[in-house]
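Open the model in your viewer and keep the selection panel at hand. The stops below say what to select and what is there.

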Amino acid sequence: MINSTYYRSPLGEMLLASKNNKLIGAWFEGQKYYLANINENIIEKEDEILIKTVNWLDDYFKGNKPSINGLDLAPEGSDFRLKVWEILREIPYGETITYGEIAKRISKEGKMSAQAVGGAVAHNPISIIIPCHRVVGANGKLTGYAGGIDRKRFLLEHEKKR
């Protein structure tokens with residue numbers, strides 16, 4: 001069983017989901033890949049991790065820099081996607097990295113495609129907290145965000161103001 005609650009962010013409503021008291025999803029309503037990989041019944045019920053996540057998001061949108069270390073995250077995906085999402089978690093607040101830089105970090109042989117990384121980034125099920133909005137194209141170009149480019153722009157500007 002998956003527990004869920006809704007969060008009203010400045011960018012629109014988000015659905016937060018947990019399983020076994022671990023956060024498995026945070027999606028903007030209607031975003032690309034909304035509820036992807038969720039094959040179980042979802043009930044609207046808050047649990048400890050969902051309450052912590054709401055508090056984390058409140059803190060983030062107030063302009064603070066909350067640590068994700070206090071949140072038990074459990075995104076579900078392939079080994080490749082999990083590696084990409086782990087790198088996303090390491091991107092410092094207010095900074096960006098390119099798809100190509102992520103590809104180089106993953107590939108020991110230097111043959112990883114930035115496009116493959118882009119697919120993994122796009123399927124990140126825990127928006128904002130696993131900061132896929134901090135990934136940009138070559139030369140800092142804003143591209144690809146499942147929640148929409150306007151949201152990505154807002155999040156990056158929000159972080160630079162602090």
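Start with helix α2 and select D79 and K83: these exposed residues sit on the face of α2 turned away from its buried side. This is a predicted model, and every value in the tour is computed from it.

Now select the other side of the helix. α2 covers residues 79-89, and V84, W85, I87 and L88 are its buried residues. These four lie on the same side of α2 because they cover an arc of only 155 degrees around the axis. To see what lies over them, add α3 (99-106), α4 (114-122) and β6 (135-136), which are included in what covers the buried residues of α2.

**Stop two: T53**

Move to helix α1, residues 48-61, and pick T53 within the helix. Is T53 buried or exposed? T53 has a relative accessible area of 0% and is therefore buried. Leaving aside residues up to four places away in sequence, T53 touches L16, L23, L71 and I129. Show those four as sticks together with T53 to display the contacts.

**Stop three: the loop between β2 and β3**

Select N20, which is in the loop between β2 (12-19) and β3 (22-28). What is unusual in the backbone can be put in general terms first: most residues other than glycine have a negative phi. Phi of N20, however, is positive, near 55 degrees, and N20 is not a glycine. N20 counts as exposed because its relative accessibility is 66%, against a cut-off of over 50% for that class.

Step on to N21, in the loop between β2 and β3. N21 is not a glycine either, yet its phi is positive at about 60 degrees. With a relative accessible area of 30%, N21 is partly exposed.

**Stop four: the cavities**

How many cavities of 30 Å³ or more does a search of the whole structure find? The search finds two.

For the largest, select I24, W27, Y33, A36, N37, I38, E76, R81, A122, H123, N124 and P125, the residues that line it. The space inside the largest cavity is about 110 Å³. Colour its lining by class and you get seven nonpolar, three polar and two charged residues.

For the second largest, select Q31, V121, A122, N124, S127, C132, G144, Y145, A146 and G147. This cavity holds about 40 Å³ of space. Its lining has five nonpolar and five polar residues, with no charged residue. A122 and N124 appear in the lining of the largest cavity and also in that of the second largest, so keep both selections on display.

**Last stop: the whole chain**

Zoom out and switch to a cartoon. The chain has five helices and six strands, and along the sequence they run β-β-β-β-α-α-β-α-α-β-α. The C-alpha trace spans about 45 × 35 × 30 Å along its principal axes. The radius of gyration of the chain is 15 Å, which agrees with the value near 15 Å for a compact globule of 162 residues.

Colour by accessibility next: 46% of the 162 residues count as buried. Finally, draw the contacts between residues at least 6 apart in sequence; 60% of these join residues at least 24 apart.

How values were computed: Residues numbered from 1 in each chain as written. Predicted model: local features only at pLDDT ≥ 70, side-chain atom pairs only at ≥ 80, totals over all residues. Heavy atoms only, no water. 1 Å grid on protein atoms, 1.4 Å probe; cavity = no way out; pocket = protein on both sides within 12 Å on 5 of 7 lines; lining within 4 Å. Points joined across faces, edges and corners; volume = space filled by probe spheres on them. Nonpolar A, V, L, I, M, F, W, Y, C, P; charged D, E, K, R; others polar. Buried < 20%, exposed > 50% of the residue type's maximum accessible area, 1.4 Å probe, protein only. Helix = DSSP H or I, 4+ residues; strand = E, 2+ residues; numbered from the N terminus. Arc of directions from axis to C-beta. Contact = heavy atoms within 4.5 Å. Rg over C-alpha atoms; globule rule 2.2 N^0.38 Å.
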